[in-house]
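Visitor: I have not seen this structure before. Please show it to me, and then I will ask about its side chains.

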Amino acid sequence: MVSSSSADHVVIIGGGATSALIAVRLAERGFRVTVLEKAQLGNGSSSRSAAGIRAQFSTEETVVGMQYSQWWYSHFHDLLCSPIDVRQQPVLRQNGYLFLYEAPAAIPAWQPRRQHEVAQLWQQAQIAVTMQQRLGLPVEVLTPQSVQQRWPFLNSERVIGATWCPSDGFLLPHMIYGEGFRRAKELGVHVQTQTEVVGAVLQANRIQALLTNRGAIEADWFINATNIWAARLSPRIGGMALPVSPRKRYLYFLKPSQLVMDATMWQQMPMTIYGVGSHRGAHSRPEHDLLLLAWAHETEPEPLFSDADQDRIDPPFRHDNGIDNYGCAILEQVEQFSPLLANAGGLVATSSGFYGTTPDANPLLGLDTYQQNLVHAVGFSGHGLMHAPITALLIEAILTGNVEHGHVCLPPPFDSTPINLSTFAPGRSFENSHRETLVL
Ligand SMILES: Cc1cc2nc3c(=O)[nH]c(=O)nc-3n(C[C@H](O)[C@H](O)[C@H](O)COP(=O)(O)OP(=O)(O)OC[C@H]3O[C@@H](n4cnc5c(N)ncnc54)[C@H](O)[C@@H]3O)c2cc1C
């Protein structure tokens with residue numbers, strides 16, 4: 001059993017959303033906290049995110065964790081004691097997440113494997129909904145008719161059904177780490193930017209001090225919150241090899257050239273997922289008067305990426321690269337379900353960043369297998385903003401020893417299903433681990 005004194009000094013490596021919320025939580029518990037960021041705050045994926053938040057997952061621990069995260073973000077300003085001018089802008093918009101599933105009959109007969117795949121995915125989705133409802137999520141299974149009625153801009157002809165959860169939505173990423181670090185500083189956290197961790201002094205399976213470009217820093221605990229840099233950093237400071245693969249992801253922005261629906265309906269559009277499975281998964285949500293579109297296309301990991309590569313737009317992904325680009329491939333998917341949205345206007349911008357993915361698409365949260373005072377909070381596989389509040393809670397539980405038989409009990413009303421930490425253990429075997437199937 002791990003236990004520490006709340007007077008302990010904790011160093012958090014990384015200056016993104018995960019670090020910000022861990023810093024606040026630990027400072028509130030009386031820990032002395034220092035944050036080290038090699039560039040500026042928000043240098044990583046936290047400033048490049050689609051910022052969706054949902055509890056529709058297939059992993060029970062994640063469903064419970066995201067219910068807690070949604071609650072936390074809906075009380076964000078109170079919990080962070082935000083100044084009045086910031087409070088006017090909520091960090092969370094609960095427009096809901098709508099997963100559209102295709103009917104096998106909508107797939108051409110010459111694609112029998114695909115027909116089988118979509119039938120299976122729809123079956124799995126309904127099983128997941130039963131589990132999510134048991135855990136208290138207000139998720140519903142909708143018929144194609146109901147989809148058409150509720151969202152007239154969708155064409156439900158090729159849809160067999162949908163899952164809909166109104167408490168899902170999207171976040172304001174810069175506000176999470178901006179307000180998070182503001183509050184952390186207010187609580188006495190020392191935030192040091194332009195400070196890169198390059199090594200460590202080790203003794204008897206513990207990190208004694210981190211070595212940085214600005215000198216050494218001693219502490220009792222060290223938290224790796226470096227996301228896509230995690231696999232690079234961990235061995236440098238004596239930690240275990242981490243299976244976190246940086247994979248490039250793009251966001252596209254469509255500007256409507258005409259009014260396709262009234263402004264209120266536009267602003268209330270849910271995050272909509274246009275089919276699930278092979279060559280599907282394009283999704284969209286409103287971003288002011290633009291439509292933000294994304295798709296987790298097949299891609300190879302880029303372990304040798306540079307910071308600048310985060311914003312590198314490869315030619316096939318340039319929105320202004322004629323029709324031979326991935327933006328058009330996304331729009332083709334959207335068109336199958338909403339010709340109105342797909343043809344509403346043109347793509348006007350592309351942005352990009354990296355997901356830090358793990359083999360089972362679940363995060364790596366917990367103690368290192370070599371260094372007893374090193375804790376990892378990485379590998380969110382494209383879900384790190386939504387995970388940040390529950391991550392902060394779990395890291396606090398690990399540091400304070402508030403773990404019973406490997407489980408962490410959340411505060412009411414989330415206390416009926418304790419979170420089994422082994423699901424997220426950094427040293428778990430991926431052959432037997434539960435693979436998250438609802439990945440975007
Ligand atoms: C295109 C895209 C879409 C996404 N969509 C979603 C979504 O819809 N919902 C969602 O929840 N998540 C989404 N994500 C993922 C989410 O943005 C990330 O999981 C999350 O921002 C990770 O936050 P973090 O604080 O852990 O890491 P980061 O924000 O990446 O911060 C890590 C920090 O560590 C610093 N660092 C690295 N090495 C060192 C070192 N040696 N010394 C000191 N500092 C170091 C880096 O400079 C960086 O600032 C998306 C990501 C992308 C790219």
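Visitor: Is E60 buried, partly exposed or exposed?
Guide: This is a predicted model, and the class rests on a computed area. The relative accessibility of E60 is 29%. Buried would need under 20% and exposed over 50%, so E60 counts as partly exposed.

Visitor: Which residue forms a salt bridge with E60?
Guide: The pair links distant parts of the chain, 74 residues apart. E60 is in helix α2 (residues 60-74), and the other member is in helix α5 (residues 112-134). That other member counts as exposed, at 55% relative accessibility. The closest N and O atoms are 2.8 Å apart, and the partner of E60 is R134.

Visitor: How many residues apart in sequence are the parts that E102 and R158 tie together?
Guide: E102 and R158 form a salt bridge, with the closest N and O atoms 2.9 Å apart. E102 lies in strand β5 (residues 97-102), whereas R158 lies in the loop between α6 (144-150) and β7 (159-165), so the parts they tie together are separated in sequence by 56 residues.

Visitor: Are E102 and R158 buried or exposed?
Guide: The cut-off for buried is under 20% relative accessible area. E102 has 2% relative accessibility, and R158 has 16%. Both values are under the cut-off, so E102 counts as buried, and R158 also counts as buried.

Visitor: Which residues are linked with E102 and R158 in a network of salt bridges?
Guide: Side chains of opposite charge can pair when their charged atoms come close. In the network that holds E102 and R158, the other members are R114, E117 and R280.

Visitor: How far apart in the chain are E396 and R29?
Guide: Their side chains meet in a salt bridge of 2.5 Å, N to O. E396 is in helix α12 (residues 384-400), and R29 is in the loop between α1 (17-28) and β2 (32-36). E396 is buried at 8%, while R29 is partly exposed at 39%. The two are separated by 367 residues.

Visitor: Why is the pair of W72 and F76 edge-to-face?
Guide: The count of aromatic pairs comes to 15. The ring centres of W72 and F76 are 5.8 Å apart, and both residues are buried. Planes over 60 degrees apart count as edge-to-face, so the deciding value for W72 and F76 is their angle of 80 degrees.

Technical notes: Residues are numbered from 1 along each chain as its sequence is written. This is a predicted model: local features need pLDDT of at least 70, side-chain atom pairs count only at pLDDT 80 or more; totals for chains, interfaces and linings use all residues. Side-chain values use heavy atoms; hydrogens and water are left out. Rings of Phe, Tyr and Trp (its six-membered ring) pair if their centres lie within 6.5 Å; planes under 30 degrees apart count as stacked, over 60 as edge-to-face and the rest as tilted. Buried means under 20% relative accessible area, exposed over 50%, partly exposed in between (1.4 Å probe, protein chains only). A salt bridge is a side-chain nitrogen of Lys or Arg within 4 Å of a carboxyl oxygen of Asp or Glu. Helices (H or I, at least four residues) and strands (E, at least two) are DSSP runs, numbered from the N terminus.
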